[in-house]
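Q: I would be grateful for a close look at a single part of this protein, set in the context of the whole chain.

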Amino acid sequence: MLDFRKKRDTPPITRLLKLIILLLCILIIGGGLLIFNSYTKNKENQNINASDNESILSQNPNDNEKEAAATASPVTEETDQPVIEETEPPKDTATPKPKKTPKPKNSIKIAIDAGHQAQGDSSTEPDGPGSGNYKAKVAGGATGISSSVPEYQLNLNVAKKLKKELISRGYDVYMIRTSNNVNISNIERAKAANNSGADIYIRLHADGSDNSGAKGASALYPTTSNPYVGYLSKKSEKLSQCILNEYCKKTGINNRGLSPRDDLTGTNWSKIPVTLIEMGFLSNPSEDEKMQDPSFQTIMAKGIANGIDLYYK
C-alpha cells in the first residue's frame with residue numbers, strides 16, 4: 001500500500017552545514033593528495049640522482065684521479081718530468097755591456113821610423129806584398145833650403161825627442177833606426193815595426209816642393225780600397241787625424257789636412273795602424289829654419305805625443 005504522506009522538508013541550516021562539511025572534506029583530501037604526490041616525486045628524483053652517481057662511479061672509478069692528473073703539469077714521454085713552459089725573459093734584466101777600458105800606457109808600444117838615411121838605395125822592391133810595381137828601397141830625401149840640413153838628420157833628431165817624450169808619458173818605444181849610417185829598406189822598416197810587437201807605426205818625414213812658398217804639415221794614410229792594408233784604413237786615418245791636429249795645434253804650423261795614399265811601400269807592408277807625418281816644408285825658408293831649432297823640435301815631439309794620447313783616449 002502506497003504511502004502518500006508528504007515527507008518533512010530538511011531545514012536550510014542543516015543543508016548548509018552538510019555542504020560546508022563536504023567542502024572541507026574535499027579540501028582535506030585534495031591537499032593530502034597533493035602533498036603525497038609532491039613527496040613521491042621528490043623521493044623518485046633523489047633515487048634517480050643516487051642511481052646516476054652510482055652509475056658514473058661504477059663506469060670509471062679512476063675518473064677523479066684522471067681529472068686531477070689533467071690539471072697537473074704536462075710531462076714528456078721520455079723522462080716523465082714536468083715540462084717547464086718557456087716564458088719571455090724580462091726586457092729590463094739584460095746585462096749592460098761593459099764600457100771599453102783604455103789600454104794602459106805602459107802596455108802600449110810605439111814604433112817610430114825616422115824616414116830616409118845617410119845614403120839612399122836606388123835598388124828596387126815591390127811596393128806591396130805580391131805587387132808587380134817596384135820602387136826604390138830608400139829615397140834620398142829633401143834638404144833644408146836655408147839650413148842645408150838633410151831630411152834624414154831632421155827626422156832622426158825629432159824621432160829621438162819623441163822617444164824621450166813618449167817614455168816620460170809611460171809608453172814603450174821601438175826605434176827603427178838610431179843612426180844615419182844604416183841601410184834599411186822601406187819593406188824592412190815595416191817588417192821591423194811589425195815584429196817589434198808595436199801597436200802603432202809612426203813614420204816621420206819632412207816635405208819638399210819646387211814652390212818655396214808651400215808650407216804646412218800633412219798626414220798620409222791608406223784608403224779602404226788599398227789592396228794590401230785596406231783593413232787598417234780606418235784606424236790609420238784616425239791615428240793620422242789625431243796626430244796631425246795635435247801637432248799643428250802645439251807647433252802653430254799650418255794644417256794641410258790628411259792625404260790618402262796607397263803607393264807608399266812602408267805603409268803597404270805594415271800590419272799595424274800606420275801614419276806618415278810630413279812635419280813641414282824644408283823647401284820653405286822660414287819653416288826650414290824653425291824646424292832646425294832644437295827647442296822647437298821638442299815642441300814638435302810634444303805635439304806628436306799629444307796626438308798619440310788623443311788616439312788612445
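How much area does the protein expose, and what percentage of it do carbon and sulfur atoms supply? Please then describe in detail the open sheet formed by six strands, together with what packs on it.

A: The model is a predicted one. The protein exposes about 19700 Å², of which carbon and sulfur atoms supply 54%. Of its 313 residues, 36% count as buried. The protein has eight helices and eight strands. Among contacts with a separation of 6 or more, 78% are accounted for by residues 24 or more positions apart.

The sheet itself comes first. Six strands make up this open sheet, and their order is β4-β1-β5-β8-β6-β7, with mixed pairing. Strands β4 and β7 (255-260) stand at the edges; each has a single partner strand, so one side of each is left without a neighbour in the sheet. On average, and with direction ignored, neighbouring strands of the sheet are turned by 25 degrees against each other.

Within this arrangement, strand β5 (residues 200-207) pairs with strand β8 (residues 274-281) in the parallel sense, over six bridges. One of the residues involved is Y201, whose bridge partner in β8 is V274.

Two helices can be placed against these strands. Helix α8 packs on the sheet, where it touches β1, β5 and β8, and its direction makes about 145 degrees with that of β5. Helix α5 (residues 233-251) lies across β5, β6 (217-221), β7 and β8, and runs at about 170 degrees to β6.

A residue of β6 gives a local view of this region. S218 is found in strand β6. Its relative accessibility is 9%, and S218 therefore counts as buried, the limit being under 20%. Not counting residues up to four places away in sequence, S218 touches D207, L244, R256, G257, L276, I277 and E278.

Strand β1 leads to the charged pairs. The count of salt bridges comes to seven. In one of them, R189 is joined to D113, with the closest N and O atoms 2.8 Å apart. R189 lies in helix α4 (residues 186-195) and D113 in strand β1 (residues 109-114), so this pair ties together parts that are 76 residues apart in sequence. Both R189 and D113 are buried.

Helix α8 also takes part in a salt bridge. D309 forms a salt bridge with R169, and the closest N and O atoms are 2.6 Å apart. This pair links distant parts of the chain, 140 residues apart: D309 is in helix α8 (residues 294-312), and R169 is in the loop between α3 (151-168) and β4 (172-175). D309 and R169 are both buried. R169 forms a salt bridge with E165 as well, where the closest N and O atoms are 2.9 Å apart. R169 counts as buried because its relative accessibility is 19%, and E165 is buried with a relative accessible area of 13%. A network of salt bridges links E165, R169, K302 and D309.

The loop that follows β1 adds a further set of contacts. H116 is found in the loop between β1 and β2 (121-126). At 12% relative accessibility, H116 counts as buried. Leaving aside residues up to four places away in sequence, H116 touches V138, A139, G140, G141, E151, Y152, N155, R177, R189 and H205. R189, the salt-bridge partner of D113, is thus one of the residues that H116 touches. The C-alpha atoms of H116 and N183 are separated by 9.1 Å, and these two residues are 67 residues apart along the chain.

Finally, helix α1 may be considered for its surface. A nonpolar surface patch of about 1200 Å² is made by I13, L16, L17, L19, I20, I21, L22, L23, L24, I26, L27 and I28. Of these residues, L24 lies in helix α1 (residues 12-59). L24 is partly exposed, its relative accessible area being 48%.

Technical notes
Residues numbered from 1 in each chain as written. Predicted model: local features only at pLDDT ≥ 70, side-chain atom pairs only at ≥ 80, totals over all residues. Heavy atoms only, no water. Patch = residues over 30% accessible without salt bridge, like charges linked within 9 Å, V, L, I, M, F, W, Y side chains within 5 Å. Areas by Shrake-Rupley, 256 points an atom, 1.4 Å probe, with all protein chains shown as cover. Salt bridge = Lys/Arg side-chain N within 4 Å of Asp/Glu carboxyl O. Helix = DSSP H or I, 4+ residues; strand = E, 2+ residues; numbered from the N terminus. Buried < 20%, exposed > 50% of the residue type's maximum accessible area, 1.4 Å probe, protein only. Pairing = 2+ DSSP bridges. Axes fitted to C-alpha atoms, helices over the stretch in contact; angles between N-to-C directions. Contact = heavy atoms within 4.5 Å.
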